[in-house]
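Trainee: Could you take me closely through the side-chain contacts of this model, beginning with charges that sit over rings and going on from there to the ring pairs and the salt bridges?

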Amino acid sequence: MAGTENGPILQFAPFQSSVDAGFWHELSSLKLNKLKTDESPIPITGYYTPCSNSQVSSHLTLLTESLPTDPTDEQQAKTSHGNRNKCSVPGILYNTNTLEGYYALDKQALLKAEAKKIWDDIQSGKAEEDSSVLSRFLLISFADLKKFNFYYWFAFPGIVLDPPATLVDLKPASKWFTPKEAESVSASCNEWRMSSLTAGVPFFLVSISSNSQAAIRPLKDFETCQREGHKMLFGFYDPSHLPNNPGWPLRNFLVFISAKWNLKKIQFLCYRENHGFADLGLSLVGEALIQPSQAWQDQDHVPNAVGWELNKGKRSSRCINLSTSMDPTRMAISAADLNLKLMMWRALPSLNLTMLSTTKCLLLGAGTLGCQVARMLMAWGVRKITLVDSGKVAMSNPLRQSLYTLEDCLNGGDFKALAAVKSLKRIFPAVEAEGVVMAIPMPGHPVARQEEEKVVDDCKRLSDLIESHDAVFLLTDTRESRWLPTLLCANANKVTITGALGFDSFLVMRHGAGPLLSRNTPSKAETVVGSSLSAGVEEMSLGQKDSKPRLGCYFCNDVVAPVDSTANRTLDQQCTVTRPGLAPIASALAVELLVGILHHPHGISAKAEFGNSLDSVNSEQALGILPHQIRGTLSQFSQMILVGHSSNSCTACCPIVVSEYRKRGLEFVLEAINHPTYLEDLTGLTELMKSANSFELDWDNETDDDDCVEI
């Protein structure tokens, strides 16, 4: 041990840090939800206790509660003195946005700034009122939330004594006190530690009267104790277990004592415990000599400081990876949230992730489009997905339908709806997915009398599914299978999106709002105000007046009712033969369309917008324009935005059809299924076609070459 002519230099056992995994989880959440790209320093709280084991020192620990719930509220960082198991110490956290920024921090400047705070607290008298500020600490960090790597480095600023303190004597407290004094000191320390008012106060006075009676008193009683002429020691909670070295908190405590009371010889008690009670055999009593620095007389003087924690004996930071210790589901949620919240930080501050996560989406069809749409929805943060399909996974499916594998095709194949749900949960365990095996009743596919009950049950079930969801995707592979869902969605006023594929072309469109402003039977969403997105969508739709035409549905341009399109098909017609790249494009556009609707102030009733329209410029929606129809072709690598208004003769969404459904219910549906011309007769399409057939043109058979124009 190095020394001077007055004795060996007093050396202090460095503070050691310990960070609970909960702290990093809480920091991750704080970073994602509140801090974002803000690098402002955050007040935090560390905790330590007196050493209670002769072999192991006590650590300064960071827990989940070390971080404030509101980083801007400095009041939350105030230390508490009521817990004997957690002595609170104030600290500051600098968390950077990049690893390069972390390494580039001016560590010496940061350390000196915290040391100045301690010095200012000593000079102002704050340290006498709240002695925990003498142990202020500093933490710098970088949280890599993609790989769950956390880089960090602690500093425990210790003001440099110049010249250094010298050690006169250091021995176990049991050998320094008389037996009577030792008994009284132990009792007084235990009483101090048991009181909720003083248990967490780490620095104190030990006063021993002439009759060997000890008392533990706060630092502000120093002058009183001095006048009383009692023997006096300066006590502190010592985290160190070493027999020859006091703990790190003593360093700034000596500076405080010297600067406050100009003492040159100081007797101190390194208070340590055993099983929660004072242990004077483990505790130390020492005497140190201090020569106050002349520079301390300068009010503007900032003392030098040391205190960066060593990592395996070297001055370097630490890194911990929590991926192996974290729950996989929790990790998946955190990683998924990270991608979306990064979008919010800079590009889309108005993005409503809560709305997306609670939106219930119903996917009718679990084939090429259904698989892609489900995955796109999860990527946008949608967590509630129901898939409906009656088919089984065939050997030809896995290559194009991204949720299936070869195992799903074996033994006759698993039902697509159920296999898709299993796959979704493997991809993202937190998704709330449900598979429904059900065929959708279709017009043009007559139902035998003995099967009517089953078809009616399927209709009821489909109606209940649509009522209980907020958005419906029509992703089936036949035209007629989209008719009943379109009718039910128009009746329930649900957000409805259709995706359809040709060989090298696609259509993605959103259906307009329902045609009728009231319903005889309220939906489940309407029975509880604000219980789901549907209630809000319904309200937005009903608030729109009929001054402007509604947007059309998938059937509004048809002049014939949907019929059986599956009969007499050749092999190439039985399968959905499309270019492989088509489905991902259409699926992505369908999901983007939904997200646009959900974030539009008019929701389902938003009018069609075009890229060069004045209305779209004025709307200034964060996600861009909200079109009605998107039609594309891969052969030309082109895409068109179209709009089509609702038709009063539409077989699926016109007021006549919806009204008839409300009056007759499932009886109406059965008649539409069993009688191909019923819908045409009801909507007036039959008369329209008759009028068109009877219309005659008076052609002029004489031609004149002079009237011909070359085009």
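Mentor: In this predicted model, the charged end of Lys-86 sits over the ring of Tyr-47, at 4.8 Å from the centre of that ring. A contact of this kind also joins Arg-193 to Tyr-237, where the arginine lies over the face of the tyrosine, 4.8 Å from the ring centre.

From charges over rings we can pass to rings that pair with one another, of which the structure holds 27 pairs. One of them is formed by Phe-15 and Phe-156, a tilted pair with 5.0 Å from centre to centre and 35 degrees between the planes. Because Phe-15 lies in the loop between strand E2 (7-8) and strand E3 (17-19), while Phe-156 belongs to strand E8 (residues 149-159), the pair ties together parts that are 141 residues apart in sequence. Both Phe-15 and Phe-156 are buried. A further tilted pair is made by Trp-483 and Phe-668, with 6.4 Å between the centres and 45 degrees between the planes. This pair, too, links distant parts of the chain, since Trp-483 is in helix H14 (residues 483-492) and Phe-668 in helix H21 (residues 666-674), 185 residues apart. Trp-483 and Phe-668 are both buried. Returning to Phe-15 and Phe-156, one finds them in a cluster that ring pairs build up, with Phe-23, Trp-24, Tyr-48, Phe-137, Phe-150, Tyr-152 and Phe-154 as the other members.

The salt bridges come next, and a search of the whole structure finds 20 of them. In one, the side chains of Asp-120 and Lys-116 meet with 2.9 Å from N to O, and both residues lie in helix H3 (residues 107-124), 4 residues apart, which is about one turn of the helix. Asp-120 counts as partly exposed because its relative accessibility is 34%, and Lys-116, with a relative accessible area of 35%, is likewise partly exposed. Helix H3 also holds Asp-121, whose salt bridge with Arg-136 has its closest N and O atoms 3.1 Å apart. Here the link is between distant parts of the chain, with Arg-136 in the loop between helix H4 (126-129) and strand E7 (137-144), 15 residues from Asp-121. Both partners fall under the 20% cut-off for burial, so Arg-136 is buried at a relative accessible area of 15%, and Asp-121 is buried at 9%.

A salt bridge between strands is that of Glu-287 and Lys-265, whose side chains meet at 3.5 Å, N to O. Glu-287 is in strand E16 (residues 284-289) and Lys-265 in strand E13 (residues 265-271), 22 residues apart. The partners contrast in their surroundings, for Glu-287 counts as buried at 14% relative accessibility, whereas Lys-265 is exposed, with a relative accessible area of 53%. Elsewhere, salt bridges link Glu-660, Arg-664, Glu-667 and Glu-671 in a network.

Two topics remain, the cysteines and the surface. A search of the whole structure finds 0 disulfides. Among the cysteines, Cys-371 counts as buried at 0% relative accessibility, and Cys-489 is buried with a relative accessible area of 2%. On the surface, Met-395, Leu-406 and Leu-410 form a nonpolar patch, and together they have about 300 Å² of accessible area. Of these residues, Leu-406 is found in the loop between strand E20 (384-389) and helix H12 (416-427).

Terms used
Residues are numbered from 1 along each chain as its sequence is written. This is a predicted model: local features need pLDDT of at least 70, side-chain atom pairs count only at pLDDT 80 or more; totals for chains, interfaces and linings use all residues. Side-chain values use heavy atoms; hydrogens and water are left out. Patches are made of residues with over 30% relative accessible area and no salt bridge: like charges are joined within 9 Å, nonpolar side chains (Val, Leu, Ile, Met, Phe, Trp, Tyr) within 5 Å. Accessible areas come from the Shrake-Rupley method with a 1.4 Å probe; for residues, only the protein chains shown count as cover. A salt bridge is a side-chain nitrogen of Lys or Arg within 4 Å of a carboxyl oxygen of Asp or Glu. Helices (H or I, at least four residues) and strands (E, at least two) are DSSP runs, numbered from the N terminus. Rings of Phe, Tyr and Trp (its six-membered ring) pair if their centres lie within 6.5 Å; planes under 30 degrees apart count as stacked, over 60 as edge-to-face and the rest as tilted. Buried means under 20% relative accessible area, exposed over 50%, partly exposed in between (1.4 Å probe, protein chains only). A charge sits over a ring if NZ of Lys or CZ of Arg is within 6 Å of the ring centre and within 35 degrees of the ring normal. A disulfide is a pair of cysteine sulfur atoms within 2.5 Å.
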